[in-house]
Amino acid sequence: IYFEYGDYLTKKGRVDEAADAYRAGVAKGNDQVLMSINVDKLVNYDWDHDKKDEALAIAQKAAQVYSLGGLNTYLLLLDKMGNLQEAEKQGIAIRDRYNDSAELAQLYARHPDVFHGQYEILRKQTFPQGLTPVTLASFQGPPQTGTLIKTSSAVLDAADMHQGDVIVALEGSRVDNMAQYAFLRARSQAPTLHLIVWQNDHSAEVTTSPPNHRFGVDLDDYH
């Protein structure tokens, strides 16, 4: 309830009241996973309002839950703090636990002077045969590989996509697994995603702008 109310206040522009609601959720909530994936706005608020110790403590608490959202909140704060090596550790933890290299790829892309080629190493690990350019015409039947959408969400529905759809391409490159999808998603700097999706016995092009490139659904390798 606290986090939902905080989101409502945020949308109304009442950010100080929203921060109080989020803080109440951290202090009084019993669901640690829910807390960990919903404190990013509070961490950013505290950091921007010179409450840096509070921001760090909340981010660390979220990361200790080991949810993807909690780890990423801590990663992004460490990035702001300039602690890039520790931020990289959080990105590696996300990649290893969730098979999602997006946050790590974004970190490397933001600081190429620091990470000296790790981005290219990650790209080669994710695409050992290189990127494969594709168009809608490249897909004439049911896919053999891709990224399966396992659950549904309002954001997914708004894109006219559904549980059970298979993402087979993103930004003009073939997607064979979830790691490749996550990497391509991270590489895209534009708010809009251009996908090719297998749905209802045919392939379709989908152009959509989900918040932070996320549909809020569970994904898995399709094969």
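**Notes on the pocket and the salt bridges**

1. The largest pocket holds about 1,600 Å³ of space. Keep in mind that this is a predicted model. Its lining takes in 44 residues, with Leu68, Asn72, Glu103, Asn212 and Arg214 lying nearest the centre of the pocket.

2. Who builds the wall? Helices H1 (2-11), H4 (40-48), H6 (68-81), H8 (102-110) and H12 (178-187) each put at least two residues into the lining of the largest pocket. H6 gives the most, with 8 residues. Sorted by class, the lining comes out as 19 nonpolar, 14 polar and 11 charged residues.

3. On to the charges. The structure holds 12 salt bridges. Four residues, Asp100, Glu103, Arg185 and Arg214, are linked in a network of them. Two of these names, Glu103 and Arg214, also turn up among the residues nearest the centre of the largest pocket.

4. Within that network, Arg214 pairs with Asp100, and their closest N and O atoms are 3.3 Å apart. This pair links distant parts of the chain, 114 residues apart: Arg214 sits in the loop between E5 and strand E6 (219-222), and Asp100 in the loop between helix H7 (84-98) and H8. Arg214 is partly exposed at 26% relative accessibility, while Asp100, at 7%, is buried.

5. Lys41 and Asp7 make another salt bridge, at 3.7 Å from N to O. Lys41 belongs to helix H4 and Asp7 to helix H1, so the pair ties together parts 34 residues apart in sequence. Both ends are partly exposed: Lys41 has a relative accessible area of 37%, and Asp7 has 26%.

6. Lys150 and Asp220 also meet through their side chains, with 4.0 Å between N and O. That salt bridge joins the loop between strand E1 (146-149) and helix H11 (154-158), home of Lys150, to strand E6, home of Asp220, across 70 residues. Lys150 is partly exposed at 39%, and so is Asp220 at 33%.

7. For the surface, have a look at Val33, Leu34 and Ile37, a nonpolar patch with about 240 Å² of accessible area together. Val33 is part of helix H3 (residues 32-36) and, at 46% relative accessibility, counts as partly exposed.

8. Two odds and ends. Leu9, in helix H1, is buried, with 0% relative accessibility; its C-alpha atom is 43 Å from that of Val134, 125 residues away along the chain. His202, in strand E5 (residues 202-208), is partly exposed at 38%, and lies 17 Å from His223, C-alpha to C-alpha, with their positions 21 residues apart in sequence.

Terms used:
Residues numbered from 1 in each chain as written. Predicted model: local features only at pLDDT ≥ 70, side-chain atom pairs only at ≥ 80, totals over all residues. Heavy atoms only, no water. Patch = residues over 30% accessible without salt bridge, like charges linked within 9 Å, V, L, I, M, F, W, Y side chains within 5 Å. Areas by Shrake-Rupley, 256 points an atom, 1.4 Å probe, with all protein chains shown as cover. Helix = DSSP H or I, 4+ residues; strand = E, 2+ residues; numbered from the N terminus. Buried < 20%, exposed > 50% of the residue type's maximum accessible area, 1.4 Å probe, protein only. 1 Å grid on protein atoms, 1.4 Å probe; cavity = no way out; pocket = protein on both sides within 12 Å on 5 of 7 lines; lining within 4 Å. Points joined across faces, edges and corners; volume = space filled by probe spheres on them. Nonpolar A, V, L, I, M, F, W, Y, C, P; charged D, E, K, R; others polar.
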